[in-house]
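Visitor: I am new to this structure and should be grateful for a close look at a single part of it. Please describe how one pair of packed helices is arranged, and then place that pair in its surroundings.

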Protein chains: 2
Amino acid sequence: MWLMRQAGRYLPEYRALRAKAGSFLDLCFDPQRASEVTLQPVVRFDLDAAIIFSDILLVPHALGQRVDFVEGEGPRLEPLAATAVRGLDPEGITRRLQPVFDAVGLARSRLAPDKTLIGFCGAPWTVATYMIAGRGTVDQAAARRFVLLNESAFADLIERLVEASVGFLLGQIRAGARVVQIFDTWAGVLGEEAFEQWCVAPTKAIVERLRAAVPEARIIGFPKGAGLRLERYVAATGVDGVSIDWTVPLRFARDRLQPQVAVQGNLDPLILATGGGALDAAIDRILAGLGGGRFVFNLGHGVVPDTPVGNVERLVARVRRWRG
Amino acid sequence: MWLMRQAGRYLPEYRALRAKAGSFLDLCFDPQRASEVTLQPVVRFDLDAAIIFSDILLVPHALGQRVDFVEGEGPRLEPLAATAVRGLDPEGITRRLQPVFDAVGLARSRLAPDKTLIGFCGAPWTVATYMIAGRGTVDQAAARRFVLLNESAFADLIERLVEASVGFLLGQIRAGARVVQIFDTWAGVLGEEAFEQWCVAPTKAIVERLRAAVPEARIIGFPKGAGLRLERYVAATGVDGVSIDWTVPLRFARDRLQPQVAVQGNLDPLILATGGGALDAAIDRILAGLGGGRFVFNLGHGVVPDTPVGNVERLVARVRRWRG
């Protein structure tokens with residue numbers, strides 16, 4: 001059991017540390033503080049895993065794109081032109097991302113041996129949507145148009161992002177992450193063929209290269225919104241586990257996904273935020289639906305900032321009671 | 001063959017008329033002009049169907065909520081408080097929506113007999129998301145929270161929207177619409193149980209009441225983003241046809257949906273906007289995948305405003321050539 005975005009603004013100890021840390025990027029690149037933030041939810045809730053405090057946009061930053069995090073508005077990047085793709089150089093990005101690997105190493109050294117440390121990256125498609133639009137968008141239309149108008153430049157971009165992601169994940173694994181998760185937050189918006197080309201194929205390439213280098217690494221994929229393409233994603237990419245969002249029917253996950261891989265999910269983060277009896281019922285439903293197979297309890301997306309800490313305590317206690 | 005949002009800003013004749021018509025709402029409530037706009041794409045492209053020019057937010061407007069359309073920003077509503085739900089009165093809304101029925105009647109009288117006229121409404125869930133948030137949102141979080149925090153008020157709201165939608169659709173059918181489509185644009189964001197409660201059940205209620213009143217009406221449902229819940233939606237709601245977005249795999253639609261209902265879709269509107277050989281290939285793929293069963297060629301969502309008219313001409317010619 002762990003929770004996506006478990007280290008974050010809903011925790012008072014995070015907000016306290018964040019106030020001293022300068023910008024969001026400064027915090028990500030400060031190994032001491034990033035590792036401390038990483039451990040905060042495990043210290044408070046005794047969760048089974050810590051996920052390194054970092055961001056999927058550190059990769060474009062390390063590739064040389066300008067990235068800022070605007071308080072209360074989210075990320076702002078200098079939008080990438082098709083002609084600028086070939087200027088992005090994955091060589092040497094591991095040097096620029098070294099502070100993240102240092103944070104992983106520090107977190108690992110301070111974490112109890114029975115706790116898992118999880119590393120992560122954004123999937124190439126999702127990272128590309130931010131690089132192209134320069135920000136989060138409703139429907140990723142800018143990136144989807146870019147693909148149609150500049151397909152070869154886009155293919156080149158994805159190739160560079162695969163290369164960079166492999167370096168980023170390998171660095172985290174070598175520093176102490178035993179599991180890595182690939183977040184493809186905007187996978188759901190892709191059409192059938194585009195999903196194969198820009199979600200499945202790059203993820204498969206990353207998985208293969210990680211396996212070749214570190215056979216014992218465990219890899220979780222999170223193609224959010226993939227719905228009808230989840231089975232295909234699991235079968236074709238070779239991930240060990242799949243994270244499912246809150247819209248995935250539990251019976252489908254149990255019957256079609258769990259026989260193939262471990263399933264992680266899928267409580268609606270808004271149910272965690274609002275709490276009460278509806279939270280208990282939703283937890284029990286998930287445990288009854290997926291608890292019989294290979295299963296990691298988690299949310300269907302990240303913890304939202306106004307989540308009361310008491311609701312997370314209630315969640316953790318309830319899952320523990322079930323586990324016995 | 002017809003195209004969602006086929007009457008709209010991408011057409012120069014629409015922009016010309018729009019410039020003379022005052023506000024967007026004024027245009028919707030002007031039967032002469034609304035019927036003229038409705039017919040424009042049929043006149044220009046000889047499509048098989050016209051869809052009445054109107055908006056899903058006319059229903060909240062008729063229920064007494066303040067609705068404005070802000071140029072270039074989309075709709076703005078006075079956000080609905082839980083305590084205000086019981087003030088919404090579906091009685092008498094057909095009187096307030098009479099100009100739409102008049103527009104339907106005018107359009108029908110000017111349309112060739114072999115052309116179909118389509119009426120529509122927003123599904124209760126989707127309309128509720130706008131009523132609660134007061135605008136379009138990325139993840140419909142405001143409405144999803146409202147459900148969790150005020151379930152009985154929300155159930156009351158949905159009931160009133162079912163009532164209003166039945167009145168709105170029946171008025172359109174009686175004025176000359178032979179087919180109606182129920183747009184559930186934000187169905188995909190609902191969790192498994194919420195999808196049953198707030199998408200499937202209200203749609204089923206609307207379908208049953210329409211059938212009881214007008215057995216010969218044909219009803220298309222469009223639960224955008226429903227993915228893994230599409231089969232359930234089709235089986236449980238009793239719709240005659242289902243419109244599928246561009247993310248639905250064609251083989252799934254052919255094998256699992258077409259045996260049950262007519263399938264409508266599903267070209268990516270951005271492929272229509274960008275055109276070229278990719279457009280031809282995407283059209284051919286859809287025709288090959290779905291053309292063997294009950295099928296209505298359409299987009300996977302609405303025409304986007306910067307779509308070149310020439311691309312629509314190319315699309316229509318290609319589908320006609322296939323049809324022979």
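Guide: In this predicted model, helices α12(B) and α14(B) cross in a right-handed sense. The contact draws on Leu250(B), Arg251(B), Ala253(B) and Arg254(B) from α12(B), and on Ile286(B), Gly289(B) and Leu290(B) from α14(B). Sorted by class, the contact of α12(B) with α14(B) comprises 4 nonpolar, 1 polar and 2 charged residues.

Two packed helices are described by the angle between their axes and by the distance between those axes. Here helix α12 of chain B spans residues 250-257 and helix α14 of chain B spans residues 277-290. They pack at an angle of about 25°, and their axes are 9 Å apart. Angles under 35 degrees count as roughly parallel, and α12(B) and α14(B) are therefore roughly parallel to each other.

Helix α12 of chain B also has a part in the meeting of the two chains. In that interface, 24 residues of chain B are in contact with 24 residues of chain A. On the side of chain B that touches chain A, the elements giving two or more residues are α8 (141-149), α12 and α13 (269-274) of chain B. The most is given by α8(B), with 5 residues. The residues of this side of chain B divide into 14 nonpolar, 5 polar and 5 charged.

The relation between the chains can be stated exactly. Chain B is superposed on chain A by a rotation of 180° with 0.0 Å of shift along its axis, the RMSD being 0.0 Å. The two copies are thus related as by a two-fold rotation axis. Moreover, 100% of the interface residues of chain B are also interface residues in chain A, so the copies meet through the same surface.

The sheet of chain B completes the surroundings. This open sheet has 7 strands in the order β1-β4-β5-β6-β7-β8-β9, with parallel pairing. Its edge strands are β1 (49-51) and β9 (295-299) of chain B, each of which pairs on one side only. Neighbouring strands of the sheet are turned by 25° against each other on average, direction ignored. One of the pairs joins β5 (residues 179-184) and β6 (residues 218-223) of chain B, in the parallel sense over 6 bridges. Within β6(B), Phe222(B) stands opposite Phe183(B). Helix α9 (residues 151-175) of chain B lies across β4 (116-122) and β5 of chain B, and runs at about 170° to β4(B).

Methods:
Residues numbered from 1 in each chain as written. Chains lettered and ligands numbered in written order. Predicted model: local features only at pLDDT ≥ 70, side-chain atom pairs only at ≥ 80, totals over all residues. Pairing = 2+ DSSP bridges. Helix = DSSP H or I, 4+ residues; strand = E, 2+ residues; numbered from the N terminus. Axes fitted to C-alpha atoms, helices over the stretch in contact; angles between N-to-C directions. Contact = placed C-beta atoms within 7 Å. Least-squares fit on C-alpha atoms with pLDDT ≥ 70 in both. Parallel < 35°, antiparallel > 145°, perpendicular 65-115°, else oblique. Left-handed = near helix turned anticlockwise from the far one by under 90°. Nonpolar A, V, L, I, M, F, W, Y, C, P; charged D, E, K, R; others polar.
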